[in-house]
Structures are given as structure tokens and as C-alpha cells.
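Colleague: I would like a close look at one part of this model. Please start from a single proline and work outwards.

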Amino acid sequence: MAFRKVLKRTAIVGTGAAATLFGLSQLVEYRKTQVRLARQAAEMELKVPFADELPSRGAQLATLRDTEEFDVLIVGGGATGAGCALEAVTRNLKTALVERNDYSSGTSSRSTKLIHGGVRYLQKAIMKLDYEQYMMVKEALHERANLLEIAPHLSAPLPIMLPVYKWWQLPYYWAGIKMYDLVAGMECLKSSYVLSKTKALELFPMLKKDRLVGAIVYYDGQHNDARMNLAIGLTAARYGAAMANYTEVVNLLKRADPETGVEKVCGARCRDVLTGQEFDVRAKCVINATGPFTDSLRKMDDQKTTNICQPSAGVHIVIPGYYSPDNMGLLDPATSDGRVIFFLPWEKMTIAGTTDSPTNVTAHPIPTEDDITFILNEVRNYLSPDVEVRRGDVLAAWSGIRPLVTDPNSKDTQSICRNHIVNVSQSGMVTIAGGKWTTYRSMAEETLDAAIQTHGLEASASKTVGLVLEGGRDWSPTLYIRLVQDYGLENEVAQHLASTYGGKAFEVAKMAQVTGKRWPIVGKRLVSEFPYIEGEVLYAIKEYACTAIDVIARRTRLGFLNVQAADEALPRIVELMGKALNWTSDRKTVRGRKADLRSPTYILFPVWYKNRFHKFDKESKGFITTVDVQSVLQSINIQIDENSLHEILSEVDLNKNGQVEIDEFLQLMSAVKKGQVSDSRLAILLKTAEESLDLRAPVSVDRSGGGV
């Protein structure tokens with residue numbers, strides 16, 4: 001009865017808004033049809049050649065080396081950098097892009113997997129009457145609709161439940177969520193709605209029922225972030241952008257302006273990380289899209305420039321799929337410390353996160369135990385006591401660095417910018433920093449507008465709204481059925497290929513190997529419990545995968561879903577890539593130890609080895625020395641003289657600074673795990689020490705990888 005009264009009052013308060021929404025809803029389908037037709041027409045007007053075959057990485061490197069001058073050189077292959085490349089090349093600009101690691105190897109693959117406007121930003125905009133924040137939400141909602149339209153195979157609307165445990169919160173949250181729908185306007189995915197307690201528990205049976213009043217369900221988008229990043233980059237490559245991963249900027253090239261005498265950036269000295277070869281890439285404009293590493297390139301341009309990036313770490317964990325329904329997320333709008341936690345189904349698992357804490361910029365951010373514990377505790381607060389939330393159920397965890405920025409042009413340089421900033425240095429380098437995944441396209445458009453204006457480039461208008469991304473053209477919701485019927489793939493594998501590669505899934509299916517079984521006919525799995533098949537490894541090479549980690553973490557998402565399964569699949573992936581790329585036996589078994597210990601191929605995941613590292617780095621310095629190793633060895637009664645220990649450490653100390661840093665340690669330990677560095681004296685020593693330490697310390701049930 002009380003629930004009905006609240007609903008009645010809520011309905012009276014929101015009659016006007018509901019009526020407006022009802023009227024808008026009648027136009028939604030018509031509007032979507034018109035938008036789709038307009039976008040098809042825009043794509044037909046695009047007068048840029050489109051390649052049916054992707055050029056190889058070698059061909060791309062040759063283009064970078066041999067082209068006399070590009071219009072733009074983009075540094076950074078994340079979502080923003082790839083977006084800038086697509087924006088530039090479709091505006092008829094001669095475009096180059098270099099990425100020192102793999103595409104989407106940084107923050108862009110470590111997001112919450114949501115395409116959203118930001119419910120909490122809208123709340124702040126309304127409460128503080130902040131027009132700038134309101135416009136930021138409105139822009140993000142427009143970009144959300146566009147992204148769902150141009151990559152339908154990689155993205156889809158996701159209902160998210162907001163459980164309510166106090167009666168007064170029901171109308172409050174309802175009004176806020178309805179406002180979110182209204183701001184989206186014609187681009188509202190689906191209308192939000194209120195649920196009774198009974199219905200909420202029916203849809204989300206794991207939810208804590210004590211004091212539950214009801215729930216509100218609203219819609220946002222969800223996507224496969226690394227694959228989306230890759231789709232943007234591959235689309236740019238097909239339109240003619242010269243792009244190369246594992247290609248780092250060594251230094252910026254400059255020349256004096258003939259009129260002013262001021263030195264202007266005119267390109268970059270680049271190095272192929274895999275071969276060590278260096279070459280110059282000249283360009284009229286250099287765009288800095290390096291995310292958390294923004295200040296590194298800015299200081300390469302001008303050593304005296306002040307830092308604008310204030311990095312913040314966001315940690316996520318992956319737990320088994322039974323923690324959440326298959327198609328319903330959960331939002332905790334007010335955690336114990338005021339943060340927001342999402343609890344979302346993804347790839348048949350459950351993602352929980354994120355945290356938000358200051359951090360240092362590093363290539364391999366590691367989730368802390370405190371962050372993981374915090375997320376687990378918040379999850380416990382919303383789940384039924386019948387559901388035991390265990391530390392051992394954490395299958396994977398990752399930390400992404402969000403590049404919050406301060407505006408160097410603002411009077412208050414200490415104030416963090418809530419949106420992105422585009423800054424042009426005195427030397428003409430254009431920097432794009434901050435922002436969010438959802439708005440990558442509008443950020444790229446604004447960046448290119450600044451580049452075109454600053455450098456007087458001849459370019460057409462932006463054409464990326466509605467421009468379908470790689471795999472989206474021939475995708476349909478029933479495409480997987482054709483894969484099953486035409487190729488004899490398992491249903492689950494076919495659905496995975498369709499939702500990962502879209503219309504390109506047929507090319508992957510052609511590479512699938514015969515199983516030798518009655519069913520499925522083709523499609524050997526890399527690991528039994530996941531739908532990833534061996535044919536994807538071969539197709540990943542066409543998508544510029546250079547190392548096994550590229551396949552595990554970004555072409556497939558196995559490393560983000562289950563670290564142990566990724567470890568199991570690694571040898572077969574190395575074998576398949578080795579055969580396809582003609583790797584020597586030395587290359588497969590860590591060629592010359594030092595040379596290949598630098599390679600990302602043999603790094604699994606920092607979280608997998610974090611505890612092992614800290615057994616030796618007890619003071620959390622980030623590196624270990626002979627003193628640290630000596631201390632551990634003495635505690636287990638192993639004696640070794642200091643000179644010998646120095647000699648042993650030097651085998652792995654790649655930069656010769658007398659310390660084994662965490663990156664060097666992770667590479668060594670991963671190689672040891674696979675038996676690829678069997679003759680390293682340090683590897684043998686540390687392995688012996690670790691086994692002795694493990695024997696002395698019992699493993700608690702909640703850390704035992706599943707427990708009892």
C-alpha cells in the first residue's frame with residue numbers, strides 16, 4: 001500500500017515530464033530511420049579510397065618511412081588517437097599514427113565498458129546549476145547514440161538497476177533518471193521505469209532484500225572497449241592512414257619558422273620497438289594523444305612546460321557470471337566513501353568497479369589489495385547474505401589510469417577540468433587530453449579543427465558522425481546463424497565471432513581449423529570454457545597483433561576475463577604466432593634472455609605476479625636490490641656471497657642501474673612460468689626462494705583461487 005502511495009505522488013509530480021517523454025517516444029523510431037538514411041547518404045559522399053585488404057604492418061612502416069611529409073602525425077593509439085586518425089583521414093588529410101605499445105594497450109582497454117552520458121554528472125549539473133556540466137552530459141549522450149549506431153556488433157543498450165532502500169529516495173532518483181532520459185531526447189535508448197520490490201528481486205535475485213523499497217531501471221550503452229578501439233584504428237587504416245604499433249617517438253623534429261624564427265615541431269624521430277630501426281616521420285602538424293603520458297611528450301617539446309595531467313587510478317575486478325543476471329547491471333550511487341560503483345555483466349562474467357584514487361603514471365599500473373577489498377566490500381553491501389562474496393572468486397583485476405587534466409589556459413591552473421582540453425603549444429604541437437571514452441569522436445573532431453586552423457591545412461568538413469566502423473557494415477543480429485550453418489561452428493563460438501568481428505566474422509571462420517569431431521566441424525578452442533578459437537590468433541596477425549599479449553588481452557579479451565585461462569592458452573598462442581610469423585626457436589624461448597625479456601610477448605599480467613614481487617620488495621620501493629634478495633635468502637638459510645649475487649642480478653638488470661625493477665621482474669617471472677628462461681641463475685634462485693617461502697606460509701581459503 002505504501003509503495004502505491006509513493007508511486008501515485010511520484011506520478012503527479014512527474015506528469016509533465018512523463019507526457020513529454022511519451023510524445024517523444026512516438027517520434028523515436030521515425031527519427032532513427034531518418035538518421036540512418038542520412039548517415040548512409042553521408043557515407044556515400046565520402047570521397048576517400050577504402051581498402052578491402054588491410055596493409056601489413058611492414059607496408060605501413062614503409063609508408064611512414066618513405067612519405068616525404070604527412071599533414072598530421074598522431075602520437076598515441078588509444079581511443080582518442082585512433083579517433084583523431086579516422087577524423088583526419090576522412091577529411092582528406094594525409095595521416096600518420098604511431099603507438100609505442102599496442103593499440104588500446106593503455107587506459108582505453110581498461111574502462112568500465114560503458115558508453116554513457118554520466119548520470120552522476122547530470123546530478124551535479126542540476127544540483128549546482130552547472131551549465132557546462134549539463135552540456136558535457138548532453139554531448140556524451142549524443143555520442144553514445146552515434147557509437148551504438150556505427151558499431152552495432154560491439155555495443156548494445158544495457159539496462160542498469162538502481163536499488164532503492166529508503167522511501168524518500170524513490171521519487172528523488174526517479175526524477176533524476178527521467179531527466180537523464182529527457183536530456184537524451186530523441187536519442188534516448190529506452191525509457192527508464194520503476195520496479196516494485198518483488199519485480200526487482202525477480203529480475204535481480206542476488207539483490208539484498210532487507211529494507212529494499214523498489215528499484216529504478218535506466219539504459220546506457222555497453223561495449224567491448226579494446227575491440228572498439230581497434231575497430232576505429234582499422235577503419236582509419238582502410239581509409240589510408242599510415243599506422244604502426246610498437247613504434248615509439250624518440251624525439252620531436254623541429255625547424256625554425258622562416259617568418260618568426262620560432263622553432264616549430266615538424267615531425268618525430270621514431271623507433272620500431274621490435275627491430276630497433278629508427279626513422280624520421282615528417283608532418284605539418286603533430287598531435288599529442290598519449291593519454292596519461294601527455295606530459296612526457298609535452299616536455300619533449302618544451303622541457304619548461306608545466307604538467308597538466310593529474311592521473312587517477314580506476315581499478316576493476318572480474319568475478320564469475322553467477323554474481324549478476326545475464327542482462328542487467330547494477331549501480332551503487334553512493335558507496336561508503338561517496339564514490340560510484342558499477343556491477344555489470346560482460347562477456348558472461350561480472351565486472352565490478354571502479355575506484356578513483358591519485359596515482360603515478362606507469363605503463364603497467366597494478367591494482368592494490370586495498371582497492372580490490374574495497375570493491376568486494378561494496379558488492380557485499382548490495383548482494384543477498386546468501387551470496388558469499390569471496391576474494392578467491394576474483395578471476396582477474398586491472399587498473400587503468402584516467403588522465404584528469406588541468407587547463408593550462410585557465411587562470412586557476414590547479415582546478416581539474418571536468419571535460420577534455422585541446423591545447424596548442426608555441427611550437428605548434430596540438431595536445432588533446434582528458435575527456436572520456438564515449439566522447440572520443442567529438443574530441444577528435446575538435447582536435448582536428450584546432451590543427452587545421454593552427455597550421456592552415458586544407459581539409460573537408462567532418463564526416464565521422466554515422467561513419468560505420470570495421471565489421472559494422474554487414475552485421476545483423478542473426479549473422480551468427482549463418483556462421484553455424486555455413487561453417488559448422490558451435491553456436492556459442494559463432495555468437496562470439498559475430499559480436500566481436502561483425503561482418504568480418506566470415507574471414508575468421510575461414511581460418512578456423514577442422515576439429516576432427518562430428519560437431520563442431522571447425523573451430524578449435526584455445527581453452528575449453530571460453531569461445532575463443534585458434535583461427536582468431538591467425539586473424540589477429542592481420543589486425544597488427546605482434547605479440548601473444550596482444551592476442552590474449554586485446555584481440556580476444558581472455559586476459560581480462562580469467563588470468564589462469566590466459567596462462568593456459570599462452571603456449572598455443574605463441575606456437576601459432578611463431579609458425580605464422582616464422583619466429584625462430586630462440587624467439588619462442590626468449591631469444592638471448594636480455595633481448596626478449598624486453599618484449600611484451602612474455603608478460604602475462606602484473607596482478608598475477610604482484611604478490612610474488614612483494615615477497616622480495618618488502619618496503620614497496622618498486623624495485624629489488626641485492627640487499628632485498630640477500631635478506632630473503634638468509635631467512636630461508638640460503639647463503640651466497642655478495643659478488644656472485646651482483647653478477648646474477650646483472651643478468652636481468654636490463655638498464656644497468658643496480659636494481660631489478662618491477663617491469664624487469666614481471667618479464668622474468670612470466671618467462672620462468674613458461675619455462676622459457678630455464679638457464680637464468682636469478683630465475684632459479686628466486687623460484688627456489690619462493691617455494692621455500694610458500695611452504696612456510698599457509699594459504700588462506702579466501703585467497704586460494706576459489707576456496708571451499
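In which loop does Pro520 lie?

Modeller: Pro520 lies in the loop between H15 and helix H16 (534-542). Helices (H or I, at least four residues) and strands (E, at least two) are DSSP runs, numbered from the N terminus. The peptide bond leading from Trp519 into Pro520 is cis, and its omega is near -5°.

A word on the basis. This is a predicted model, where local features need pLDDT of at least 70 and side-chain atom pairs count only at pLDDT 80 or more, while totals for chains, interfaces and linings use all residues. Residues are numbered from 1 along each chain as its sequence is written, and side-chain values use heavy atoms, with hydrogens and water left out.

Now step back to H13, residues 479-487. Leu479, Leu483 and Val484 are buried there (under 20% relative accessible area; exposed is over 50%, partly exposed in between; 1.4 Å probe, protein chains only). These buried residues line one face of the helix, because they fall within an arc of 145° seen down the axis of H13 (taken from the directions from the helix axis to the C-beta atoms). Gln485 and Asp486 sit on the other side of H13 and are exposed. The cover over the buried residues of H13 includes helix H14 (491-501) and helix H15 (505-511). Cover here rests on contact, meaning heavy atoms within 4.5 Å. Gly488 follows H13, with a positive phi near 75°.

Go past Pro520 and past H16. Tyr544 lies in the loop between H16 and helix H17 (548-555). Its phi is near 75°, a positive value in a residue other than glycine. Tyr544 has a relative accessible area of 4%, so Tyr544 counts as buried.

Next comes H17. Eight of its eight residues are buried, so H17 is largely enclosed by the rest of the structure. The list has nonpolar names: Ala548, Ile549, Val551, Ile552 and Ala553 are among them. Asp550, Arg554 and Arg555 are also among the buried residues of H17. What do the buried residues of H17 pack against? They pack against H9, H14, H16, helix H18 (558-561) and helix H19 (563-581). H14 also helps to cover the buried residues of H13.

One partner, H9, spans residues 225-238 and leads to the largest nonpolar core. That core has 49 residues, of which Ile287 and Leu469 touch the most other members. A nonpolar core is a set of buried Ala, Val, Leu, Ile, Met, Phe, Trp, Tyr and Cys residues joined through side-chain atoms within 4.5 Å. H9 supplies at least two residues of the core, as do strand E1 (70-75), helix H4 (79-89), helix H6 (131-150), strand E10 (278-288), strand E19 (430-434) and helix H12 (440-455). Leaving aside neighbours within four places in sequence, Leu469 is in contact with Leu86, Ile150, Ala151, Met228, Ala231, Ile232, Thr235 and Tyr440. Apart from this core lies another, of 34 residues, and its members include Leu526, Ala565, Ala566 and Leu570.

Two backbone features elsewhere can be set beside Pro520 and Tyr544. A cis peptide bond also joins Gly353 and Thr354, with omega about 20°. Thr354 is in the loop between strand E14 (349-353) and strand E15 (357-358). Asn92, in the loop between H4 and E2, has a positive phi near 65°. Asn92 is partly exposed, at 44% relative accessibility.
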